[in-house]
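The following exercises invite the reader to examine a protein structure step by step. Each task is followed by a worked solution.

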Amino acid sequence: MEKEEQPPSIQVLGTKVHVVEIPEVLAQMERWIKDEHDTCHHVVNSGMHGVMAAHRDPKLRQIFKSVDLFALDGILMVLVARLRGFKVRKKYTGPDILWEFARSASENGYTNYFYGDEEPVLQRLEERLKSEFPNLKIVGHRSPPFRQLTAEEDADDVAAINQASPDVLWVGLGMPKQEEWIFEHRGQLKATVAMGAGAAFKFVSGDASRGPSWLRNMGFEWVWRLMGQPKRIWSRVFIDAPQFVGLVALELTGLRKFDR
């Protein structure tokens, strides 16, 4: 069997980020489902927020080194890729990946399982997806309690997922908890792909509103989220983003090197 060609990537503050957009992400997921379904592949879709979290947390940085695909997200990461010479077009985000994969899955019979968030959100998520894609196969969902799980509860969750044996397991526990959970459990999971969904469950279900398409296409959806969720987003905008820009500037000019 020929060695699989790796997608192009860049190093950003010690994190390897693949320069891929939605078509490439979906194509890779489908290749794994068709050809490598005996292994659980970890996919991350994140941008400045995830890279900064890994920059501060050595444990998360090690987790990111183990993932199979780190798809860049957000306007700042797109700009970094462009400065590195990549012609990245307008960037879609996590909710778009979930939506577009649901479209492909409904046509090809791929199965999906949703883990995380609240039960009402998961129910609305399934209703919305099934309404748009009637042939979509959703083989289960589970909403864990918002606290540390007992060993028994954790084992029950894994058993429920494995009984469904989905092609793709979407984990919506928020960054970095969802990536830590996938990393700790991927050796036990009977799922071909495990992907961190972040806030995608809330956006796709309609529980949270997205900015207009023209704003998203310009890369300024963060402005909409800042207005709608100021307590959740303000530190990313006013603390993380300026620090990210400064550190990347040092990296690009060669004045500072980061662990690779």
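**Exercise 1. The largest nonpolar core**

Task: In this predicted model, determine which residues of the largest nonpolar core touch the most other members, and which elements supply at least two residues each.

Solution.
Step 1. The largest nonpolar core holds 32 residues, and those that touch the most other members are M29, F101, L129, W170 and F201.
Step 2. At least two residues of this core come from each of α1 (22-35), β4, α5 (94-108), α6 (119-132), β7 (168-172), β8 (193-196) and α9 (200-205).
Step 3. Another core lies apart from this one; it has 28 residues, including V19, V78, V80 and L247.
Step 4. For L129, leaving aside residues up to four places away in sequence, the contacts are W99, A102, F114, L136 and V204.

**Exercise 2. Helix α1**

Task: Compare the span of α1 with the expected value, and state which of its residues are buried.

Solution.
Step 1. Helix α1 has 14 residues, and the distance from its first C-alpha to its last is 20 Å.
Step 2. The expected value at 1.5 Å a residue is 20 Å, and the span of α1 is close to it.
Step 3. The buried residues in α1 are I22, V25, L26, Q28, M29, E30, W32 and I33.
Step 4. M29 also belongs to the residues of the largest nonpolar core that touch the most other members.

**Exercise 3. Strand β4 and its partner**

Task: Establish whether the residues on the two faces of strand β4 are buried or exposed, and in which sense β4 pairs with β3.

Solution.
Step 1. In a regular strand, side chains alternate between the two faces of the sheet.
Step 2. In strand β4 (residues 69-72), L69 and A71 lie on one side, and F70 and L72 on the other.
Step 3. These four residues are all buried, and both faces of β4 are thus covered.
Step 4. Strand β3 (residues 41-46) pairs with β4 in the parallel sense, over four bridges. Within this pairing, N45 has A71 of β4 as its bridge partner.

**Exercise 4. Aromatic pairs**

Task: Describe the geometry of the ring pairs F64 with F70 and F114 with F201.

Solution.
Step 1. A pair of aromatic rings is described by the distance of the centres and the angle of the planes. The count of such pairs in the model comes to six.
Step 2. F64 and F70 have ring centres 5.0 Å apart and planes at 90°, an edge-to-face arrangement. F64 is buried at 4% relative accessibility, and F70 is buried at 0%.
Step 3. For F114 and F201, the centres are 5.6 Å apart and the planes stand at 85°; therefore this pair is edge-to-face.
Step 4. Because F114 lies in strand β5 (residues 111-116) and F201 in helix α9, the pair ties together parts that are 87 residues apart in sequence.
Step 5. F114 is buried, with a relative accessible area of 1%, and F201 is buried with 0%.
Step 6. In addition, ring pairs link F101, Y110 and W170 into a cluster.

**Exercise 5. Salt bridges between distant parts**

Task: Locate the partners of R56, K59 and R186, and state how far apart in sequence the linked parts lie.

Solution.
Step 1. The whole structure contains eight salt bridges.
Step 2. R56 meets D240 at 2.9 Å, N to O. R56 is in helix α2 (residues 48-56) and D240 in helix α12 (residues 230-252), 184 residues apart. R56 is partly exposed at 46% relative accessible area, whereas D240 is buried at 8%.
Step 3. K59 forms a salt bridge with E184, their closest N and O atoms being 3.8 Å apart. K59 lies in helix α3 (residues 58-66) and E184 in helix α8 (residues 177-185), so this pair ties together parts that are 125 residues apart in sequence.
Step 4. R186 and D68 form a salt bridge in which the closest N and O atoms are 2.7 Å apart. R186 lies in the loop between α8 and β8, and D68 in the loop between α3 and β4, so the pair ties together parts 118 residues apart in sequence.

**Exercise 6. The setting of Y113**

Task: State where Y113 is found and how far its C-alpha atom is from that of I138.

Solution.
Step 1. Y113 is found in strand β5 and is buried, with a relative accessible area of 3%.
Step 2. The C-alpha atoms of Y113 and I138 are separated by 5.9 Å, although the two residues are 25 residues apart along the chain.
Step 3. Not counting residues up to four places away in sequence, Y113 touches residues including H141, R142, P166 and W170.

Note on methods
Residues numbered from 1 in each chain as written. Predicted model: local features only at pLDDT ≥ 70, side-chain atom pairs only at ≥ 80, totals over all residues. Heavy atoms only, no water. Buried < 20%, exposed > 50% of the residue type's maximum accessible area, 1.4 Å probe, protein only. Pairing = 2+ DSSP bridges. Core = buried A, V, L, I, M, F, W, Y, C linked by side-chain atoms within 4.5 Å. Contact = heavy atoms within 4.5 Å. Expected span 1.5 Å × (residues − 1). Phe/Tyr/Trp six-rings, centres within 6.5 Å; stacked < 30°, edge-to-face > 60°. Salt bridge = Lys/Arg side-chain N within 4 Å of Asp/Glu carboxyl O.
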